[in-house]
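Here is a short set of exercises to work through with the model open in your viewer. Try each task before you read its solution.

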Amino acid sequence: MNLDTLVPDYVRCFQAYVPSRPDHLLMREYGAPLLYRLNNNENPLGPPPAASREIASFPPELAAVYPSGDSFELREALGNRLGISPERILVGNGSCEVISSVIKAFCQPGDNIVTADKTFAVYEWVAEFSGIQAHLVPLRDHAFDPQGMLDRIDNRTKIIFVCNPNNPTGSYWTGQLLTDFLERVGSERIVVVDEAYREFVEDEEYPDGVSLMERFPNLVVFRTFSKMYALAGLRTGYLVGSDRVVEVVRRTSVVYSVNVQAQRAALAALSDDGGHIAATRALVRESRAYLRTACDDLGLETVIGEGNYLMIRVPINDMLMYRRLMKRGMMVRSMTGFRYPGWIRVTLKEMEVMTRFAQALGAEIAAIRSRGRTS
Ligand SMILES: *Cc1c(COP(=O)(O)O)cnc(C)c1O
């Protein structure tokens, strides 16, 4: 077997993502008695109560039966909530799956996508292992740069991905900025706005992508149940687009990819999210303020925006800092992979965990600085 002739160049050149190993293996490797995962922006409150009850009482006989192939009831409920036809919604196995469906639907070899260099990397990865070029535009002041993005569009650009708010910087475009951008892009390309963290944003200037679609039928919005709704383990996300766009994307998406328990839990979560969203926002607000002050006190630079995460600049290599924090049971995201060498991203969790994290970080910073003085 000659894999060199079998495998397309763009797959041969692509480096697979390495997921983190299970907690018990990591704890053994780093000699940590406990492990707090502050690396994936998960919600420590868990799912809304109705979703938790739904998961706990899942009838095993349903596992034997195929789920709705197009998440029928979940789309009905989402359509009601958003005031749109359920036909305009496509549910996927996490919003990561719908990224792939959109790229397959619109791009062929030679085409390209445009996005930022320091953002959620899945847009870039799916494009590249599919043989589609990713044009990466540098952030400007840690935010998506509309003019820079417009300048990188060429006649083979099919999709523009905007992460709003951006993971990892938390920056976001206001309604005015987004509308201006859509107007200047025109209607011959798809613009995807990834709103994975939209439920965390409290600013009134933050735009609702779905309400802009009447004016901009080339706009597609991604949302997820993984973050605010705390259903990351069940993998459910969705896109919203205009009828014609969704009709095309549906052709390239996998039927039955969303499992029955995920559909039921997401439906329940949606019916019971008021108190949950308020409680999560309050938790994130308090933890963000606390960690901001803790970093200021340590003299560490931060990038803090919306979303349940923030970035900290550390005085040593970020991979090294990752390992040192792991020994103290704190798992953060080292940011070299996001093209932010020397930075870590930390998920905002409950205060008890944040105070432990601040202690661990403070101890490491003190050790680094005292070593610097004596050497
Ligand atoms: C976490 C995240 C997602 C969600 O991915 P799922 O596949 O729905 O879990 C999408 N976009 C961004 C920017 C994210 O950070």
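**Exercise 1. The contact between the domains**

Task: Find how many residues of domain 1 are in contact with domain 2, and describe the area buried there.

Solution:
- Step 1. Keep in mind that this is a predicted model. Count as contacts heavy atoms within 4.5 Å; 27 residues of domain 1 then touch 29 residues of domain 2.
- Step 2. To select the two parts, use the domain assignment, which puts 3-46 and 274-374 in domain 1 and 49-270 in domain 2.
- Step 3. Taken over C-alpha atoms, the domain centres lie 25 Å apart.
- Step 4. About 2600 Å² is buried between domain 1 and domain 2, with carbon and sulfur atoms giving 62% of that area.
- Step 5. On the domain 1 side, Phe14, Glu306 and Arg339 lose the most area to domain 2, and together they make up 24% of what that side buries.

**Exercise 2. Polar links and the make-up of one side**

Task: Work out which salt bridge Arg339 forms, and which elements supply at least two residues each to the side of domain 1 that touches domain 2.

Solution:
- Step 1. Start with the charged pairs: there are two salt bridges between domain 1 and domain 2.
- Step 2. Arg339 pairs with Glu124, and their closest N and O atoms are 2.8 Å apart. This passes the salt-bridge cut-off, which asks for a Lys or Arg side-chain nitrogen within 4 Å of an Asp or Glu carboxyl oxygen.
- Step 3. Widen the search to polar contacts, and you get 12 residue pairs between the two domains, both partners being at pLDDT 80 or more.
- Step 4. Helix 2 (9-12), helix 12 (274-298) and strand 10 (309-313) each supply at least two residues of the domain 1 side. Helix 12 gives the most, with six residues.
- Step 5. Sorted by class, that side has 13 nonpolar, nine polar and five charged residues.

**Exercise 3. Around the ligand**

Task: Determine which residues come nearest to the ligand, and how far the polar side-chain atoms of Asn167, Lys227 and Arg235 are from its oxygen atoms.

Solution:
- Step 1. There are 13 residues around the ligand, of which Ser95, Asp194, Thr224, Ser226 and Lys227 come nearest.
- Step 2. For Lys227, a polar side-chain atom is 3.1 Å from a ligand oxygen.
- Step 3. For Asn167, the distance from a side-chain N or O atom to a ligand oxygen is 2.9 Å.
- Step 4. For Arg235, the corresponding distance is 2.7 Å.
- Step 5. Now look at the backbone at Asn167: its peptide bond to Pro168 is cis, with omega near 20 degrees. Pro168 sits in the loop between strand 5 and helix 9.

**Exercise 4. Backbone details and a pair within a helix**

Task: Locate the cis bond that joins Asn164 and Pro165, place Asn41, and explain how Arg12 and Asp9 are spaced.

Solution:
- Step 1. The bond between Asn164 and Pro165 is cis, omega being about 0 degrees. Pro165 lies in the loop between strand 5 (157-163) and helix 9 (175-185).
- Step 2. Asn41 is not a glycine, yet its phi is positive, about 55 degrees. Asn41 belongs to the loop between strand 1 (36-37) and helix 4 (49-56).
- Step 3. Of the 24 salt bridges found in the whole structure, one joins Arg12 to Asp9, with closest N and O atoms 2.9 Å apart.
- Step 4. Arg12 and Asp9 are three residues apart in helix 2, so about one helical turn separates them. Side chains of opposite charge can pair when their charged atoms come close.

How values were computed
Residues are numbered from 1 along each chain as its sequence is written. This is a predicted model: local features need pLDDT of at least 70, side-chain atom pairs count only at pLDDT 80 or more; totals for chains, interfaces and linings use all residues. Side-chain values use heavy atoms; hydrogens and water are left out. Domain bounds come from an automatic or database domain assignment. Buried area is the accessible area (1.4 Å probe) that two parts lose on being put together, summed over both. A polar contact is a pair of N or O atoms within 3.5 Å; within protein, one must be able to donate a hydrogen and the other to accept it, and residues adjacent in sequence count only if both atoms are side-chain atoms. Helices (H or I, at least four residues) and strands (E, at least two) are DSSP runs, numbered from the N terminus. Ala, Val, Leu, Ile, Met, Phe, Trp, Tyr, Cys and Pro count as nonpolar, Asp, Glu, Lys and Arg as charged, and the others, Gly among them, as polar. A residue is near a molecule or strand if one of its heavy atoms lies within 4 Å of it.
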